[in-house]
Amino acid sequence: MCLIVFSWQPDTDTPLVLLANRDEFFERPAEPMHWWQDRPDVLAGRDLRGGGTWMGINRAGRFAALTNFRDGRAPMAPKNVPSRGLLVSAMLDATSFDNDLARVERHAHEYAGFNLLAGDLPAGKLFWLGNRADHVGGKASAPPATPVAHAIAPGLHGLSNAVLDTPWPKLLSRRDALANALSRNADDATLLQIMRNPDEAPDDALPDTGVSRAWERSLSAAFIASPAYGTRCTTLLRYHRDGRVDMIEATVTPGQSPNVLSGRRDFAFTIDSLRT
């Protein structure tokens, strides 16, 4: 995942409405969203190289999503570093949310830079955890000695490849677009289309994350359409207080127009503990 915008309003009838784009190399093999055969309570896509996932939810209402932390100045991670997607699948265990989150905190330093959203939605819990020190604007930053998860305040938020709510242009524009769409009770297709904006930011608004200016420019779009690397899927999640979960994924093939919502997969279920 490289861009997530969401409305977190735990005291409303729909506490969480979330939109996300997963950006990745097209050659990296992955399965689209599905109920996993080996863990049938987990609904998520699957990274076939690393074994984890970028976003998922389980039947107990445990939710997690991941973005990488972009720092072009950092040394290359060793080849034996575990896949960051395993952090998401670890948070989808239906055991103790608090214990699992504490375990991820303890092991966060073992991974390359990441941002993790993790929630126990029926309990009204949603947290952000990053393994890079607080910073704004993409400046290089050393990992904190002990990363700590932060409870997310009610409101509209965004997460890209820096810490939560870092005001990169695509984050601000898509967060505002989500707010506008929710005020108009927009339908699912309209919400998904919010994340298909290919506009690049002007050079004077680009962050400085240590990559080339040309690459920074390409990555500044919400919908990235480079030949080898780009947006692979767009996901919409709605969690309702009565326990209903609606999740939609629209996949992308290389060269596909951002206006085309193909490969759409719709899922709906009710959290086990809230069934009547």
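This report describes the overall dimensions, nonpolar cores, cysteines, one helix and several loop residues of a predicted model.

The model is predicted, and local features are reported only at pLDDT of at least 70, side-chain atom pairs only at pLDDT 80 or more, while totals for chains, interfaces and linings use all residues. Residues are numbered from 1 along each chain as its sequence is written, and side-chain values use heavy atoms, with hydrogens and water left out.

**Overall form**

The secondary structure of the protein chain comes to five helices and 13 strands, where helices (H or I, at least four residues) and strands (E, at least two) are DSSP runs numbered from the N terminus. Taken along the principal axes, the C-alpha atoms fill a box of roughly 55 × 40 × 35 Å. The radius of gyration of the protein chain is 17 Å, which agrees with the value near 19 Å for a compact globule of 276 residues; this radius is taken over C-alpha atoms, and the globule rule is 2.2 Å times the number of residues to the power 0.38. Buried residues make up 53% of the 276 residues, where buried means under 20% relative accessible area, exposed over 50% and partly exposed in between (1.4 Å probe, protein chains only). Of the contacts (heavy atoms within 4.5 Å) with a separation of 6 or more, 60% join residues 24 or more positions apart.

**Nonpolar cores**

In soluble globular proteins, nonpolar side chains tend to be buried together. A nonpolar core is here a set of buried Ala, Val, Leu, Ile, Met, Phe, Trp, Tyr and Cys residues joined through side-chain atoms within 4.5 Å. The largest such core has 30 residues, of which F6, L18 and F63 touch the most other members. Strands that each supply at least two residues of this core include β1 (3–8), β2 (16–25), β11 (229–239) and β12 (244–251). Not counting residues up to four places away in sequence, L18 touches I4, V5, F6, M55, F63, L117, T235, L236 and L237. Apart from this core lies another, of 20 residues, among them A44, L92, Y111 and L116.

**Cysteines**

The structure holds zero disulfides, a disulfide being a pair of cysteine sulfur atoms within 2.5 Å. For C2, the nearest cysteine sulfur is that of C233, 11 Å away. C2 is buried, with a relative accessible area of 6%, and C233 is buried as well, at 2%.

**Helix α2**

In helix α2 (residues 97–107), F97, D100, L101, V104 and E105 are buried. These residues lie on the same side of α2, because they cover an arc of only 145 degrees around the axis, the arc being that of the directions from the helix axis to the C-beta atoms. What covers the buried residues of α2 includes β6, α1 (85–91), β7 (114–120) and β8.

**Loop residues**

S220 lies in the loop between α5 (213–219) and β11 and counts as buried at 10% relative accessibility. The side chain of S220 reaches the backbone nitrogen of A201 at 2.9 Å. Most residues other than glycine have a negative phi; the table gives two residues with a positive one.

| Residue | Loop | Phi | Relative accessibility |
|---|---|---|---|
| D165 | between β10 (155–159) and α3 (169–183) | about 65 degrees | 26%, partly exposed |
| N185 | between α3 and α4 (188–194) | near 55 degrees | 70%, exposed |

Notes: Polar contact = N/O pair within 3.5 Å; in protein donor to acceptor, adjacent residues only side chain to side chain.
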